Structures are given as structure tokens and as C-alpha cells.
Amino acid sequence: AVVSTQSTVRILKQYHNTPLLPSALKGLSKFAKLINVDFFTDLFECLKNITREEDLELADSLNCISTIFTILTGQGSVLDVDIGEFYSLLYQNILLLTPSTPLSTFRTLRHTLTATIQRKVPLAAQMAMVKRLCTVSLSLSPVQ
């Protein structure tokens, strides 16, 4: 797991605009609980930098947020980091959902929201997310 984590962190640091980015983010999000604690700080900074990119796909942004929350619910709970920026980003990303958004992105959103809820989010933030989801749901078809 150490070799794959090192490779993934290298991809995240050096190759932001690569076709490997979505796969690296999905893998990190899926296996975040297995990542060695030694990589958390470096990985957290990489993900933070990636989320600040303007041309980032919605699914990639959601995978970054999901990975961060998953890391911080497990062994990463010992890290002292401000995650308000990621709550705000998730809140903003919800409005980017459209009827043409792929179903896989909705699944990623569901996974991200699940990881968020596991973080003991303040009630006001939870209610804001629910309100935002309800607002977006008015513009979506019943299939989505």
C-alpha cells in the first residue's frame, strides 16, 4: 500500500491535468482508510491545491472532498486542520449538478455526503446542505 500511496501522491503533486487524476482520486477515496498516517499531511495539502484549480471536473472535485473527509474520519482525526473550506466547496459544487450530469457523479456526491455526515457536521451546515440539495432537485428529472 505504501508504494501505491507514494505513486498516487506523486500523480497528485505533479500531474494535475492528466487522465490519471480521476482514477487516482477514486482510488484514494475508496481506500483512504488504509493510507499510512505519515502521508496524511502531504496528501491533504495536495488535495487542497487540486480543489483550488478552476478547471477541475465536478466529479474530481467531489472525489477530493470525499477523500479528505474519509481521511479525517479515520486515523486522520488526529490532524488539526480547518475543513470549513471543503464544506463550502461541497456546498458550491451541489449547484453545479444539472440534468446532463452523469449518474456516476451523483453516486460520487452521495458517497461524499455520506463521508461528510460521518464527521459530526454542525446541524446548521447539515440543514444548509439539505436545502441546497432540495433546490437542485427541483431542476432534475425523476430518473436522476
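Leu-47 is found in helix 3, which spans residues 40-51, in a model that is predicted. Because its relative accessibility is 0%, and buried means under 20%, Leu-47 counts as buried. Leaving aside neighbours within four places in sequence, Leu-47 is in contact with Leu-12, Leu-25, Cys-64, Thr-67 and Ile-68. One of these partners, Thr-67, stands 20 residues from Leu-47 in sequence, while the C-alpha atoms of Leu-47 and Thr-67 are 8.4 Å apart in space.

Helix 3 also contributes to an aromatic pair. The protein has two aromatic pairs in the count, and one of them is formed by Phe-44 and Phe-86, whose rings meet edge-to-face at 5.6 Å centre to centre with 70° between the planes. This pair links distant parts of the chain, since Phe-44 lies in helix 3 and Phe-86 in helix 5, 42 residues apart. Phe-44 is buried, because its relative accessible area of 5% falls below the 20% limit, and Phe-86 is likewise buried, with a relative accessible area of 0%.

The table gathers the accessibility values of the three residues discussed so far.

| Residue | Relative accessible area | Class |
|---|---|---|
| Leu-47 | 0% | buried |
| Phe-44 | 5% | buried |
| Phe-86 | 0% | buried |

Phe-86 returns in the packing of helix 5 against helix 4. Two packed helices are described by the angle between their axes and the distance between the axes. For helix 4 (residues 58-73) and helix 5 (residues 84-94), the axes come within 10 Å and cross at roughly 145°, and the crossing is left-handed. On the helix 4 side the contact is made by Leu-58, Ser-61, Leu-62, Ile-65, Ile-68 and Phe-69, which meet Phe-86, Tyr-87, Leu-89, Leu-90 and Asn-93 of helix 5. By class, the residues of this contact divide into nine nonpolar, two polar and no charged. Ile-68, listed here on the helix 4 side, is also among the contacts of Leu-47, just as Phe-86, listed on the helix 5 side, is the ring partner of Phe-44.

As for the whole protein, there are seven helices and zero strands, so that the elements, read from the N terminus on, run α-α-α-α-α-α-α. Buried residues make up 42% of the 144 residues. Of the contacts with a separation of 6 or more, 76% are accounted for by residues 24 or more positions apart. The accessible surface comes to about 8,300 Å², and 58% of that surface belongs to carbon and sulfur atoms.

Notes: Residues are numbered from 1 along each chain as its sequence is written. This is a predicted model: local features need pLDDT of at least 70, side-chain atom pairs count only at pLDDT 80 or more; totals for chains, interfaces and linings use all residues. Side-chain values use heavy atoms; hydrogens and water are left out. Axes are lines fitted to C-alpha atoms, for helices over the stretch in contact, and angles run from 0 to 180 degrees between N-to-C directions. Helices (H or I, at least four residues) and strands (E, at least two) are DSSP runs, numbered from the N terminus. A crossing is left-handed if the near helix is turned anticlockwise from the far one by less than a right angle, and right-handed if clockwise. Contact means heavy atoms within 4.5 Å. Ala, Val, Leu, Ile, Met, Phe, Trp, Tyr, Cys and Pro count as nonpolar, Asp, Glu, Lys and Arg as charged, and the others, Gly among them, as polar. Buried means under 20% relative accessible area, exposed over 50%, partly exposed in between (1.4 Å probe, protein chains only). Accessible areas come from the Shrake-Rupley method with a 1.4 Å probe; for residues, only the protein chains shown count as cover. Rings of Phe, Tyr and Trp (its six-membered ring) pair if their centres lie within 6.5 Å; planes under 30 degrees apart count as stacked, over 60 as edge-to-face and the rest as tilted.
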